[in-house]
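Grab a pencil and have a go at a few short exercises. Try each task on your own, then read the steps under it.

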Amino acid sequence: MAERVSKNNYYLDIAETVAERSTCLRKRYGSIIVKNDVIVSTGYNGAPRGRKNCVDVGTCIREQLAIPRGERYELCRSVHAEANAIIAAARDQMLDSTIYIACTDPKTGEVQAGTCSCAMCKRLIINAGISTVVIRDTKEDYRVISVSEWIENDDSLNGSFGY
């Protein structure tokens, strides 16, 4: 009999499936917000509704300009997966919830280890009242981050960029 998948990996598998809808040429992100074992909302990175996606225009301006990850997001066409999941949920459903995030390479489909929410998405997660972030590193491994750590260790104060 096969071993039952852990609850965190179950939700991360769903987030990874959500990422398949991503329209980003650089990285495919998927996220889901879960509260009391109920999926509240999902989100993936892609252009705002009605606008052309990077996959439609066939180019990424950040890639063309060799902009490092975590910088100059105002140039990006996409709304991030975390932001889209937050937009789709009511605040009372997000209070003390968990957001699960998975990232894959659009060319290989491989899980991308070491990713994290950008500074803007961290702010959105904090204000949404989400308490825990779970990020996939491999098919079995993941990191659990308490959002209170992002509040206490405010990386926006030290001028560091990236994620």
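What follows is a set of exercises with worked solutions, based on a predicted model.

**Exercise 1. The sheet**

Work out the order of the strands and find which ones stand at the edges.

Step 1. Lay the strands side by side: the order is β2-β1-β3-β4-β5, in an open sheet of five strands with mixed pairing.

Step 2. Now look for strands with a single partner. β2 and β5 fit, so one side of each is left without a neighbour in the sheet.

Step 3. Check the twist from one strand to the next, which averages 20°.

Step 4. Zoom in on one pair. β1 and β2 run antiparallel and are joined by six bridges. Within this pair, I33 sits opposite S41 in β2.

**Exercise 2. A helix on the sheet**

Check the length of helix α1 (residues 7-19), then find which side of α1 its buried residues are on.

Step 1. Start with the length. With 13 residues at 1.5 Å a residue, α1 should span 18 Å, and its end C-alpha atoms are 19 Å apart, so the two values agree.

Step 2. List the buried residues of α1: N8, N9, Y11, L12, A15, E16, V18 and A19.

Step 3. See how they spread around the axis. They cover an arc of only 165°, which means they lie on the same side of α1.

Step 4. Recall a bit of helix geometry: an α-helix has 3.6 residues a turn, so residues three or four places apart point the same way.

Step 5. Ask what that side faces. The buried residues of α1 pack against β1, β2 (38-44), β3, β4 and β5 (142-146). The direction of α1 makes about 135° with that of β1.

**Exercise 3. The nonpolar cores**

Find the residues with the most contacts inside the largest nonpolar core, then name the elements that give two or more residues to this core.

Step 1. The largest nonpolar core has 20 residues, and I33, I125, I130 and V133 have the most contacts inside it.

Step 2. Two or more residues of this core come from each of β1 (28-35), α4 (81-87), β3 (98-104), α6 (119-128), β4 (132-136) and α7 (147-152).

Step 3. Look for another group. A second, separate core has nine residues, including V18, I32, V34 and V134.

Step 4. Go back to I33. Leaving aside neighbours within four places in sequence, I33 is in contact with several residues, among them V38, V40, I86, M94, I99 and I130.

**Exercise 4. Residues in loops**

Sort H80, N36, A66 and D96 into buried or exposed.

Step 1. You need two cut-offs: buried means under 20% relative accessible area, and exposed means over 50%.

Step 2. H80 is in the loop between α3 (61-64) and α4. Its relative accessible area is 16%, so H80 is buried. Not counting residues up to four places away in sequence, H80 touches Y44, N45, Y73, C118 and C121.

Step 3. N36, in the loop between β1 and β2, has 69% relative accessibility and so counts as exposed.

Step 4. A66 also belongs to the loop between α3 and α4. With a relative accessible area of 61%, A66 is exposed. Its phi is near 55°, a positive value in a residue other than glycine.

Step 5. D96 lies in the loop between α5 (91-94) and β3. At 63% relative accessibility, D96 is exposed, and D96 has a positive phi of about 60° although it is not a glycine.

Notes: Residues are numbered from 1 along each chain as its sequence is written. This is a predicted model: local features need pLDDT of at least 70, side-chain atom pairs count only at pLDDT 80 or more; totals for chains, interfaces and linings use all residues. Side-chain values use heavy atoms; hydrogens and water are left out. A nonpolar core is a set of buried Ala, Val, Leu, Ile, Met, Phe, Trp, Tyr and Cys residues joined through side-chain atoms within 4.5 Å. Buried means under 20% relative accessible area, exposed over 50%, partly exposed in between (1.4 Å probe, protein chains only). Helices (H or I, at least four residues) and strands (E, at least two) are DSSP runs, numbered from the N terminus. Contact means heavy atoms within 4.5 Å. The expected span of a helix is 1.5 Å times one less than its number of residues. The arc is that of the directions from the helix axis to the C-beta atoms. Two strands pair if DSSP finds at least two bridges between them. Axes are lines fitted to C-alpha atoms, for helices over the stretch in contact, and angles run from 0 to 180 degrees between N-to-C directions.
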